[in-house]
Amino acid sequence: MKYAREGPKRKPVELRVLDWKEMYEPISEEKLKVQGARCMDCGVPFCQGSTGCPVINLIPEWNDLVYRGRWKDALKALHTTNNFPEFTGRLCPAPCEGACVLGINEDPVSIRIIEWNIIDRGFNEGLVEPIMPVAKTGKTVAIVGSGPAGLAAAQQLARAGHSVTVLEKADRIGGLLRYGIPDFKMEKWVIDRRLEQMKAEGVEFKTGVAVGKDITGEQLRKQFDAVGLTMGAEQARELPIPGRELKGVHLAMEYLTQQNKRTSGIPVTEEPITAKGKRVVIIGGGDTGSDCLGTAHRQGCLEAHQFELLPEPPPTRAGSTPWPLWPMQLRTSHAHEEGCDRQWSVSTTKFSGHNGHITKLHASRVKFEGGKFTPIPNTDFEMDADLVLLAMGFTGPVKNGLLDSLGVKYDARGAVAVDDNFMTNLDGVFAGGDTKRGASLIVWAIAEGRKMAAGIDKFLQANRSAKKSLS
């Protein structure tokens, strides 16, 4: 009742688009204490419930600890449920804030920035140290994929005493954290400092290993006592329309990966994709589209447009998503602040070009009725375009290759089907994160990685009842 919400402040637009550094300004300890004081310590904290935080973060506890200046205790409470609060603090859209009880009639508590500052302070003060197992079990586990789900599972299993090897097809560890998230949202030293802790805890990392190609799934099963599949949901949603084959039309991840490599000084061997001096159209209005937009601005695009098939959301919480559900409402990202022509209810119908390269995008306005999108008569239009980025989300894990060769079963959504312990139809083969859930939030990936690790630990310790299982 005394204090207003204050979230992370972004650097001025004219400054932040000049480099690839993280775009947020630091916040003082005193301001963080004030924000912690806004937490009401609710009798039923919906922020950490099923509609709030998937990892069940102890949010009221560490809010209060920050308010009282007990930062070391706040760090312990934060790490109790979340392996990587430095990732979620920077990247999570914060469903916890959408479920905050204070948010019923006021602005919710600034949970995300408090989380972010607890963990960064912990690292800066040398409080984040390796946690070694009490004893080794002699069991071996392979984790396929090094995104947040795979890393969370690997850390949990190593701390339980198992020998864990993480296999990654890319040249560096991190999955989409490394090559899908631009540095202006999270610089890559944030990943590297956590990997140093995990290496000290005994996790072995192997890069450049494409499981299903360099080594078969069956070979992996023979070499390890258990296998965890956490390869994400990398099957991008395509746009099969005339002109898709033209140069200058790219999937978002092709574009973002290249720039992330450049930012890290890694050579790009593919044909360069850049927005410099170009008219850019981004198809898709989600976080990936926003990442493409921020990247295009920093590359020096001439102009930028973003098309979304869905109608424009209302400016405040829609009646269809009442508290404590994640609110459906219009959100303006950092990239939109930097400049963008946003258009809603637009369906792209074809691309046309000259000498094999795109020059125009053709589209029409649509309305949603009868369960489908219908073109609105006489609304066809075209737009000059030199670069089109397809950021329409992901349909699920890539099946062609490892998954199909293993013979795992899929659920109705096309994700890998598992039982209550996250084991697939194959004995000793588990799946978690987006591979099992479908494309989702980073915080869900961490939560699922932890649950999959608990399932693997239970499987490995089936005949060792004296060993306490993960929880």
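User: Two strands pair if DSSP finds at least two bridges between them. In the hairpin of β11 and β12, which residue takes a positive phi?

Analyst: The model is predicted. Strand β11 (residues 357-369) and strand β12 (residues 372-375) are antiparallel, with four bridges between them. Lys367 has Thr374 of β12 as its bridge partner. Two residues lie between the strands of this hairpin, and the positive phi, near 60°, belongs to Gly370.

User: What is the average pLDDT of the protein chain?

Analyst: Of the residues, 98% score at least 70. The average for the protein chain is a pLDDT of 95.

User: And how many contacts does the stretch 465-469 have beyond near neighbours in sequence?

Analyst: In residues 465-469 the pLDDT is below 50. Leaving aside near neighbours in sequence, the number of contacts this stretch has in the model is six.

User: In what order do the strands run in the open sheet that contains β1?

Analyst: This open sheet has five strands, and their pairing is parallel. From one edge to the other, the order is β3-β2-β1-β4-β16.

User: Why is one side of β3 and of β16 left without a neighbour in that sheet?

Analyst: The order β3-β2-β1-β4-β16 puts β3 and β16 at its two ends. These edge strands span 204-207 and 429-431, and one side of each lacks a neighbour because each has a single partner strand.

User: Which residue in β4 stands opposite Val141?

Analyst: Strands β1 (residues 140-144) and β4 (residues 226-229) run parallel and are joined by four bridges. Opposite Val141 in β4 stands Ala226.

User: At what angle does α8 lie to β1?

Analyst: Helix α8 packs on this sheet. Its contacts there are with β1, β2 (163-168) and β3. Between the direction of α8 and that of β1 the angle is about 170°.

User: α8 also packs against α17. Is that crossing left-handed or right-handed?

Analyst: Helix α8 (residues 148-159) meets helix α17 (residues 442-460) at about 40°, and the axes are 7 Å apart. On the α8 side the contact includes Ala149, Ala152 and Ala153; on the α17 side it includes Gly449, Ala453 and Ile456. The class counts are eleven nonpolar, two polar and two charged residues. The crossing of α8 and α17 is right-handed.

User: How are α2 and α3 oriented to each other?

Analyst: The axes of α2 (residues 29-37) and α3 (residues 59-67) come within 7 Å. They cross at roughly 135°. Oblique covers angles that are not under 35, not over 145 and not from 65 to 115 degrees. α2 and α3 are therefore oblique.

User: What is the handedness of that crossing, and which residues of α3 make the contact?

Analyst: α2 passes α3 in a crossing that is left-handed. From α2, the contact takes Leu32, Lys33, Gly36 and Ala37; from α3 it takes Asn63, Val66 and Tyr67.

User: How are α4 and α7 oriented to each other?

Analyst: Helices α4 (residues 71-79) and α7 (residues 111-124) pack with axes 9 Å apart, at about 110°. The range 65 to 115 degrees counts as roughly perpendicular. α4 and α7 are therefore roughly perpendicular.

User: How many charged residues are in the contact of α4 with α7?

Analyst: The α4 side of the contact consists of Trp71, Ala74, Leu75, Leu78 and His79, while Glu115 and Arg121 are among the residues of α7. By class, the contact has six nonpolar and three polar residues, and the number of charged ones is two.

User: Which residue in β14 is the bridge partner of Val249?

Analyst: A parallel open sheet of five strands has the order β6-β14-β7-β8-β9. Its edge strands, β6 (249-251) and β9 (341-344), each pair on one side only. Three bridges join β6 to β14 (residues 387-390). The partner of Val249 in β14 is Val388.

User: What angle does α13 make with β8?

Analyst: Two helices on this sheet can be taken in turn. Helix α12 (residues 252-263) touches β6 and β14, and its direction makes about 80° with β6. Helix α13 (residues 287-299) touches β7 (279-283), β8 (303-308) and β14. Its direction makes an angle with that of β8 of about 175°.

User: Which proline follows a cis peptide bond from Trp323?

Analyst: The bond has omega near 10°. The residue after it lies in the loop between β8 and α14 (334-337). This proline is Pro324.

User: Which residue other than glycine has phi near 55°?

Analyst: The residue sits in the loop between β9 and β10 (346-354). Its phi is positive, and the residue is Ser345.

Note on methods:
Residues numbered from 1 in each chain as written. Predicted model: local features only at pLDDT ≥ 70, side-chain atom pairs only at ≥ 80, totals over all residues. Heavy atoms only, no water. Axes fitted to C-alpha atoms, helices over the stretch in contact; angles between N-to-C directions. Left-handed = near helix turned anticlockwise from the far one by under 90°. Contact = heavy atoms within 4.5 Å. Nonpolar A, V, L, I, M, F, W, Y, C, P; charged D, E, K, R; others polar. pLDDT = per-residue confidence, 0-100.
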